[in-house]
Amino acid sequence: MAKRISLNAFDMTCVDHQSFGLWRHPRSRATEYNTIEYWTHLAQVLERGRFDALFLADVVGIYDIYRNSAAPSIADGAQVPVNDPFMQISAMAAVTQNLGFGVTSAVTYEQPYTLARKYATLDHLTRGRVGFNVVTSYLPSAAENQGLPTQIEHDERYEIAEEFLDVCYKLWEGSWEDDAVVKDVERGIYADPAKVHPIQHQGKHFSVPGAALTEPSPQRTPLIFQAGASSRGQAFAGKHAEAVFIGALRPDLTRYMTDRIRDKVEAEGRDRNDVKIYAMLSVVVDETDEKAQAKYREYQSYANLEASQAIIGGWSGLDLSKFQEDKVLNYVKTEAIQSFLTPFTMQDGAKQWTREEIARHCAIGGMGDVVVGSPQTVADQLETWIDEGGLDGINLAYHVSPGSFEDFVEHVVPELQKRGRYRTDYDGPTLRENVYGAGQTKVLDTHPAAKYRGAYVGRPSTADTPSRDLG
């Protein structure tokens, strides 16, 4: 039986996300990104299309490596200005029933105690529809504006993330027992202090002695997304990720990456299919191939190559202005996204990529491939990506928002459903159920968060001693 194709919508609380300059297109409403109505409308479109989730990217810095200036990114609205991705979730949840929300947070600059509360709160308010996209940040400007003299070394950022998640798992899974909340009106007891436990965490990066601030949410641990594809990122994904987001250029090259990630998952004692892998693609679809190609050419006419190179500077850590336009780029190790140049310069041996070619490629649809055609053509190509690439789904980026998503829901979703490759209804009320199947609300037993279920039963509780004395 052919694998069902999963879909997330890929967006960001900004004007230009992965297609640069297209905010000027007449179909774009992206300049309304700072209104509630923009987001509630988008959420309803995606739920009508039975998307798993709206995946919200985020950065906490400005892209200022290209030409040693923030001006090119600011001028085009390329991922700046950018709002906090948490704020619109409750409004979108209020107008939908099943759509999930993957929210990005850079753990390098957060504290696990308070961030765990944010995700648990959203999980409550959405009734279990939240995912946590764990990133370690890559922009030097983010480090500088968080008070650091320089960017923390790439692999060390992952070490911080390892401990960060361990603290969160303890808070989400172990601190409050399943039956801690009793809501006993007659006795006047909302929660049993004997079943609420300080986690007493003392590590290299974090000290968290106390109990979780929130009672258990529907999923307890939100669905864990992860978007790093470097060697260290793959190892992190193998242990923690339930869904992994990767960049891709061709299905055959993608299969190399997906096999490696699943190998890492298996090495951690998990099933190879415990992780769901999504590649970023964008789609230009219309009634016929000819109309779709014409639409794509029109989109290309709006592309801003300066903004594209500004974003690439942040992704790669390279100032492309220092290279000639026809200069072939080779792999260079930086402290940014180490996997960014890999598909271009290492995996694709059949092509040499110049500065100009990479800039043009990324200007429309970012680092992912662009699928152009009729509903039948697009469906054919998506099936190839899934089957040959070893993928579970697609993170669908937009060219114009919400128009690109509306086109996909109108044209491609019915075609995929007709082929039996796409859901006709949701599997359950929580995000994890719609990724793993009905009834799978909590993390799988093989996930590292699961070891903290009941881990504090019989250990000191808030009924025994004040938490400040338990460190």
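This is a guided tour of a predicted model, moving from its domains to their interface, then to an annotated site and a salt bridge between distant parts of the sequence.

**The two domains**

Begin by colouring residues 6-290 together with 369-452 as domain 1, and residues 304-363 as domain 2, following the domain assignment of the protein. If you place a marker at the centre of each domain, taken over C-alpha atoms, the two markers will be 25 Å apart.

**The interface**

Next, select the residues of each domain that touch the other, which gives 28 residues in domain 1 and 30 residues in domain 2. The area buried between domain 1 and domain 2 is about 2400 Å², and carbon and sulfur atoms give 62% of it. Now show Phe20, Tyr66 and Leu249 as sticks, since these three supply 30% of the area that domain 1 buries against domain 2, more than any other three residues.

For the polar side of the interface, display the residue pairs in polar contact between domain 1 and domain 2, of which there are seven with both residues at pLDDT 80 or more. Staying on the side of domain 1 that touches domain 2, highlight helices α2 (71-76), α6 (154-174) and α8 (251-267), each of which supplies at least two residues of that side. Colouring this side of domain 1 by class will show 14 nonpolar, nine polar and five charged residues.

Then look for the salt bridge across the interface of domain 1 and domain 2, where the rule finds one. Select glutamate 306 and arginine 67, whose side chains meet in a salt bridge with an N to O distance of 3.1 Å.

**The annotated positions**

Clear the selection and pick Asp58, Thr104, His154, Tyr158 and Ser230, which an unreviewed UniProt entry covers with the annotation "binding site". Aspartate 58 is found in the loop between β2 (53-57) and α2, and, leaving aside neighbours within four places in sequence, aspartate 58 is in contact with Met12, Val82, Asn83, Pro85 and Thr104. Thr104 is thus both a contact of aspartate 58 and one of the positions covered by the annotation. Histidine 154, also covered by the annotation, lies in helix α6.

**A link between distant parts of the sequence**

Finally, show the salt bridges of the whole structure, which number 33, and centre on the one that aspartate 392 forms with lysine 3, where the closest N and O atoms are 3.4 Å apart. Because aspartate 392 lies in the loop between α13 (375-389) and β13 (393-397), while lysine 3 lies in the segment before β1 (6-12), the pair ties together parts that are 389 residues apart in sequence.

Note on methods. Residues numbered from 1 in each chain as written. Predicted model: local features only at pLDDT ≥ 70, side-chain atom pairs only at ≥ 80, totals over all residues. Heavy atoms only, no water. Domains from an automatic or database assignment. Contact = heavy atoms within 4.5 Å. Buried area = accessible area lost by both parts, 1.4 Å probe. Salt bridge = Lys/Arg side-chain N within 4 Å of Asp/Glu carboxyl O. Polar contact = N/O pair within 3.5 Å; in protein donor to acceptor, adjacent residues only side chain to side chain. Helix = DSSP H or I, 4+ residues; strand = E, 2+ residues; numbered from the N terminus. Nonpolar A, V, L, I, M, F, W, Y, C, P; charged D, E, K, R; others polar. UniProt positions renumbered as here; feature names shortened; annotations may be inferred.
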